[in-house]
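Here is a set of questions and answers for a reader who is meeting this structure for the first time. Please keep the sequence and the 3D view at hand while reading.

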Amino acid sequence: VSIYTPDLQNILSLLFFLLPASALTTGIYMIFSTKPEMATQEIQPNETLTNLKAESDTLKTKLEDERAKLHDVELHQVAEKVDGLGQFIMKTRRTLKGHGNKVLCMDWCKDKRRIVSSSQDGKVIVWDAFTTNKEHAVTMPCTWVMACAYAPSGCAVACGGLDNKCSVYPLSLDKNENLAAKKKSVAMHTNYLSACSFTNSDMQILTSSGDGTCALWDVESGQLLQSFHGHAADVLCLDLAPSETGNTFVSGGCDKKANVWDMRSGQCIQSFETHESDINSVRYYPSGDAFASGSDDATCRLYDLRADREVAIYSKESIIFGASSVDFSLSGRLLFGGYNDYTINVWDVLKGTRVSILFGHENRVSTLRLSPDGTAFCSGSWDHTLRVRDRGVITWATFPKGPHSQGER
């Protein structure tokens, strides 16, 4: 029909990025279920893309209002009858020292023992977290190595940063081997690399960048398999859905949005915009039905993908510094958040209360990750160190009863 002009095509594309799938279906129905004569009207000269965008914003507001009507209860109200966790103490068991500047990123190997970390000093180090020994070290051609990841097999690591590239280094048992000679440049963005993550095999890797995009690459050929466009500013973080057949991932960025993507189509299938500042970290709930985010607005938030909305905010008036990194315990009952005030806050996911504050770092906590088996977690900081805390020293002040009577990981 004549109403379908390039301007309308642009605005419909914008709606795909602005609205979740369920709301989008309703919105398109509202647009095309108007009077028949309206469907054949020509676009008037004064109906610019700006006017159409204003109309789409109005439609978005109406859809948000309709969705809010279904918000009948808060998560903490549903969890009122669940036993509280009480406070616990977690002591540092290992401190990894070797970086000459701010630690920016880290990741665990699937063997639950080795860790890879990257730093502003331009170095990527592979550690034995038990002995604290350095097994491999690579000097990158640039400083600010902002992203690193372990391959699922444990036989390679990926990293990148201000060089705009994602490089993959194969690892071997020979600790004296020159890893730089085996470097393979896999991904190339037009701005800095902010995060990277292997999919469920060593053959594909996801990247996010300051150029506002995410991308899926073939490791062997370096070919771009799929690109993801939808953020209006730098993409700072991503996380792959926790499933062997998972085809979705979530990303967060400086546009205050958290977008959920379909890796097969490259389309944004859900979008959440409730934070008031940059989203620094996103992490899927262990079941894959929700995800958490940490932001410079000093809050962590939980989004339920099935309910298509935010269901919890983890914050306190005394917390005024941004959250730089988040991760869940293995059971999903605890949410760890690393903050710019040098602390790690531990939240009860169901009740929304803080159950502990972990100290030890002497500068902002930039990254934290739970080990694959849930028995330990590691945090990296601008104080140049990484700290490993393990499950063996968790002491419950109020031991929970019922379904969690075996304790929380």
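Q: In this predicted model, how many contacts beyond four places in sequence does the model have for residues 1-40, where pLDDT stays under 50?
A: The model is predicted, and the confidence score over residues 1-40 remains under 50. For that stretch, the number of contacts beyond four places in sequence is 56.

Q: Which pLDDT does the protein chain average?
A: Residues 393-409 also have a pLDDT below 50, with 43 contacts in the model beyond near neighbours in sequence. Over the protein chain, however, 82% of the residues score at least 70, and the average pLDDT is 84.

Q: What distance separates the end C-alpha atoms of helix H4, and what span should its residues cover?
A: Helix H4 takes in residues 49-68, which makes 20 residues, and at 1.5 Å a residue these should span 28 Å. The expected span agrees with the model, because the end C-alpha atoms of H4 are apart by 28 Å.

Q: What arc around the axis do the buried residues of H4 cover?
A: The buried residues in H4 are Leu 52, Ser 56, Leu 59, Lys 60, Leu 63 and Arg 67. They lie on the same side of H4, because the arc that they cover around the axis is only 105°.

Q: Which strand pairs with E8 over 5 bridges?
A: Strand E8, residues 156-160, forms a hairpin with its partner, with 4 residues between the two strands, and Asn 164 in the turn has a positive phi of about 65°. The two strands run antiparallel, and Cys 159 has Ser 167 as its bridge partner. The strand joined to E8 by the 5 bridges is E9.

Q: Is Ser 167 buried or exposed?
A: Ser 167 has its place in strand E9, and, leaving aside its neighbours within four places in sequence, it is in contact with Val 157, Ala 158, Cys 159, Lys 183, Lys 184 and Ser 185. Its relative accessible area is 0%, and since a value under 20% counts as buried, Ser 167 is buried.

Q: Which residue in E10 is the bridge partner of Lys 165?
A: Lys 165 lies in strand E9, residues 165-170, and is partly exposed, with a relative accessible area of 28%. Strand E9 pairs with E10, residues 184-188, in the antiparallel sense over 4 bridges. Leaving aside neighbours within four places in sequence, the contacts of Lys 165 include Ser 185, Ala 187 and Met 188, and its bridge partner in E10 is Met 188.

Q: How many of the residues of strand E22 are buried?
A: Strand E22, residues 309-314, pairs with E21, residues 300-304, in the antiparallel sense over 5 bridges, and Tyr 303 stands opposite Glu 310. These two strands form a hairpin with 4 residues between them, where Asp 308 in the turn has a positive phi of about 60°. Strand E22 is largely enclosed by the rest of the structure, because the buried count, out of 6 residues, is 5.

Q: How far apart are the end C-alpha atoms of residues 358-390?
A: In an unreviewed UniProt entry, the annotation "repeat: WD" covers several spans, including residues 325-357 and 358-390. For residues 325-357 the chain is 0% helix and 58% strand, with end C-alpha atoms 15 Å apart. Residues 358-390 are 0% helix and 58% strand, and the distance between their end C-alpha atoms is 13 Å.

Note on methods
Residues are numbered from 1 along each chain as its sequence is written. This is a predicted model: local features need pLDDT of at least 70, side-chain atom pairs count only at pLDDT 80 or more; totals for chains, interfaces and linings use all residues. Side-chain values use heavy atoms; hydrogens and water are left out. The expected span of a helix is 1.5 Å times one less than its number of residues. Buried means under 20% relative accessible area, exposed over 50%, partly exposed in between (1.4 Å probe, protein chains only). The arc is that of the directions from the helix axis to the C-beta atoms. UniProt positions are given in the numbering used here, feature names are shortened, and annotations may be inferred rather than shown by experiment. pLDDT is the predictor's confidence in each residue, from 0 to 100. Contact means heavy atoms within 4.5 Å. Two strands pair if DSSP finds at least two bridges between them.
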